[in-house]
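User: Hello! I am new to this structure and would like a friendly walk through its metal sites. Could you show me the model?

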Amino acid sequence: MFNDKELICIQCAKSFIFRAGEQEFFSTKGLTNTPKRCENCRIFNRLYRAGKSTDVISKVTCEECRTEFVIPFRPLGYKPVYCNTCFRGRKTEEVRVTHFGVSV
Ligand SMILES: [Zn+2]
Ligand SMILES: [Zn+2]
């Protein structure tokens with residue numbers, strides 16, 4: 001079983017939660033190391049490396065589990081957004097939140 005773990009981001013020094021669902025995802029991918037950066041910084045770095053504007057990063061709340069997370073675009077507003085964990089558990093086509101692979 002996995003439990004939520006609190007980790008410190010090496011980039012912004014803020015603590016973030018490495019969720020049980022993500023840990024499970026990591027383990028199914030055979031990844032044994034933990035993320036070093038929070039999701040916000042990971043998205044920021046990805047946009048930065050891609051030469052994209054980083055001010056499109058938006059903080060949203062998952063419709064299902066109410067956790068806050070960040071996405072590298074502006075939410076459409078009228079569509080519910082789901083975190084990766086809840087999104088993977090859904091079969092519906094109505095939601096089109098891009099799934100971000102976890103990079104360590
Ligand atoms: Zn960070
Ligand atoms: Zn959720």
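Analyst: Donors are N, O and S atoms within 2.8 Å of the metal (3.2 Å for Na, K and Ca), and water is not among the atoms, so sites may look incomplete. This is a predicted model, where local features need pLDDT of at least 70 and side-chain atom pairs count only at pLDDT 80 or more, while totals for chains, interfaces and linings use all residues. Residues are numbered from 1 along each chain, chains are lettered from A and ligands numbered from 1 in written order, and side-chain values use heavy atoms, leaving out hydrogens and water.

User: What spacing do the donor residues of the zinc ion (ligand 1) have in sequence?

Analyst: This zinc ion (ligand 1) is coordinated at 2.3 Å by the SG atoms of Cys9, Cys12, Cys38 and Cys41. Read in sequence, these donor residues give C-x2-C-x25-C-x2-C.

User: How many residues apart are Cys9 and Cys38?

Analyst: Cys9 sits in the loop between β1 (5–8) and β2 (15–18), and Cys38 in the loop between α1 (20–28) and α2 (39–49). Helices (H or I, at least four residues) and strands (E, at least two) are DSSP runs, numbered from the N terminus. The pair links distant parts of the chain, 29 residues apart.

User: Is Cys62 buried or exposed?

Analyst: Cys62 (SG) is a protein donor of the zinc ion (ligand 2), along with Cys65 (SG), Cys83 (SG) and Cys86 (SG), at 2.2 to 2.4 Å. Buried means under 20% relative accessible area, exposed over 50%, and partly exposed in between (1.4 Å probe, protein chains only). Because its relative accessibility is 0%, Cys62 counts as buried.
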